[in-house]
Amino acid sequence: AINADKPLCWAIITAGAFRDSVHLMTASVAFMLKYQGHNDNTMRGLWDPTCAANLKWVVPRSAMLVIQYMFILGSSFHLGYSELSEADQVLLAILVLMKSTMVTFMFRLCSGGTKIYAIFYSFLG
């Protein structure tokens, strides 16, 4: 079992989930307003909410948000305990894996990060 300062871990995950929720909502509203604000089919196609670029960003963020809220709700019932439950450990491990994958994927955009991304990409195939 993981011995952790559970209220601190819970607070960090909760704050991240709230930030991600606001970020996802504001981005969705901005996308919809830009989509509705254009009459040209080319521009509407660019800002279409179901376009591949939008879905590749929204779906993983939404999945991670669901996992964050599952961790928040699951661990909030027993914040006084000194160790995380097995379910909380699994959710926390999935969150760390998803967040580190996102950070590594974002590294591909900077010059120093291309080497890290190349190593990461070599694990995928």
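**Empty space around helix α3**

User: Which residues line the largest cavity?
Analyst: The largest cavity is lined by Asp 20, His 23, Leu 24, Trp 57, Arg 61 and Leu 65. This is a predicted model, where local features need pLDDT of at least 70 and side-chain atom pairs pLDDT 80 or more, while totals for chains, interfaces and linings use all residues. Numbering runs from 1 along each chain as its sequence is written, and side-chain values use heavy atoms, with hydrogens and water left out.

User: Why is it called a cavity and not a pocket?
Analyst: Because a 1.4 Å probe fits there but cannot get out, whereas a pocket is an open set of points with protein on both sides within 12 Å along at least five of seven lines (1 Å grid, protein atoms alone; lining residues have an atom within 4 Å of a point). The search of the whole structure turns up 1 cavity of 30 Å³ or more, and the largest cavity has about 50 Å³, a volume being the space filled by probe spheres set on points joined across faces, edges and corners. α1 (6-36) and α3 each supply at least two of its lining residues.

User: What makes its lining 3 nonpolar, 1 polar and 2 charged?
Analyst: Leu 24, Trp 57 and Leu 65 are nonpolar, Asp 20 and Arg 61 charged, and His 23 polar, because Ala, Val, Leu, Ile, Met, Phe, Trp, Tyr, Cys and Pro count as nonpolar, Asp, Glu, Lys and Arg as charged, and the others as polar.

User: How do you know that α3 counts as a helix, and what span is expected?
Analyst: A helix is a DSSP run (H or I) of at least four residues, and α3 (residues 52-76) has 25. Its C-alpha ends are 36 Å apart, close to the 36 Å expected, which is 1.5 Å times one less than the number of residues.

User: Which residues of α3 are called buried?
Analyst: Among them are Asn 54, Val 58, Arg 61 and Leu 65, so each has under 20% relative accessible area (1.4 Å probe, protein chains only).

User: What lines the two biggest pockets?
Analyst: The largest pocket, about 430 Å³, has a lining that includes Trp 57, Arg 61, Met 98, Met 102 and Phe 120. α4 (86-107) gives the most to that lining, with 5 residues. The second largest pocket, about 170 Å³, is lined by residues including Phe 31, Asn 54, Trp 57 and Val 58. By class, the largest pocket has 8 nonpolar, 1 polar and 3 charged residues, and the second largest has 7 nonpolar, 2 polar and no charged ones.

Terms used: Buried means under 20% relative accessible area, exposed over 50%, partly exposed in between (1.4 Å probe, protein chains only).
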